[in-house]
Amino acid sequence: MTTDLTVEQVAVGAVCLLVLLWVWRAGARRARAARDAARSGARLLSLTGRVVFTAGAIVGVQWLVLTHPQVSGWAVVAVLGLPALFASFTLTRALTVTTVDMPRKRGGRR
């Protein structure tokens, strides 16, 4: 039993294959965009967590030193000055854009 394919059947099959490939590529593009968006959001949450942890550590050390009356003046200066330096460094990193995630354009360099 042999079946002969007509030109119309081959054309319909080719069009169906092209549509299937187009839908698959569009889905892959959407998945890649969602992955990149999730990754940049995770970076922000990770940085926020580090800032909150550092602030908590600074407050804890300051509270310990300042609540003890027998502490010298230099210890008070150190406990107020050094954490201010750490906080300024952390805030500078948090507010500075270090990477720019630009979507790749078709035909661009890789």
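In helix H2, the buried residues are Val79, Pro83 and Thr90, where buried means under 20% relative accessible area, exposed means over 50%, and partly exposed lies in between, with a 1.4 Å probe and protein chains only. Helices here are DSSP runs of H or I with at least four residues, strands are runs of E with at least two, and both are numbered from the N terminus.

I should say early that this is a predicted model, in which local features need pLDDT of at least 70 and side-chain atom pairs count only at pLDDT 80 or more, while totals for chains, interfaces and linings use all residues. Residues are numbered from 1 along each chain as its sequence is written, and side-chain values use heavy atoms, with hydrogens and water left out.

Staying with H2, its 23 residues, 73-95, should span 33 Å at 1.5 Å a residue, and the end C-alpha atoms are indeed 33 Å apart, which agrees; the expected span is 1.5 Å times one less than the number of residues.

The chain as a whole has two helices and zero strands, and 6% of its 110 residues count as buried. About 9900 Å² is exposed, with carbon and sulfur atoms supplying 70% of that area.

Turning to helix H1, residues 7-66, we find Trp24 there, and Trp24 counts as exposed because its relative accessibility is 62%. Together with Leu17, Leu18, Leu20 and Leu21, Trp24 makes a nonpolar surface patch of about 590 Å²; patch residues have over 30% relative accessible area and no salt bridge, and nonpolar side chains are joined within 5 Å.

Helix H1 also holds Arg29, which at 37% relative accessibility counts as partly exposed.

Technical notes. Accessible areas come from the Shrake-Rupley method with a 1.4 Å probe; for residues, only the protein chains shown count as cover. Patches are made of residues with over 30% relative accessible area and no salt bridge: like charges are joined within 9 Å, nonpolar side chains (Val, Leu, Ile, Met, Phe, Trp, Tyr) within 5 Å. A salt bridge is a side-chain nitrogen of Lys or Arg within 4 Å of a carboxyl oxygen of Asp or Glu.
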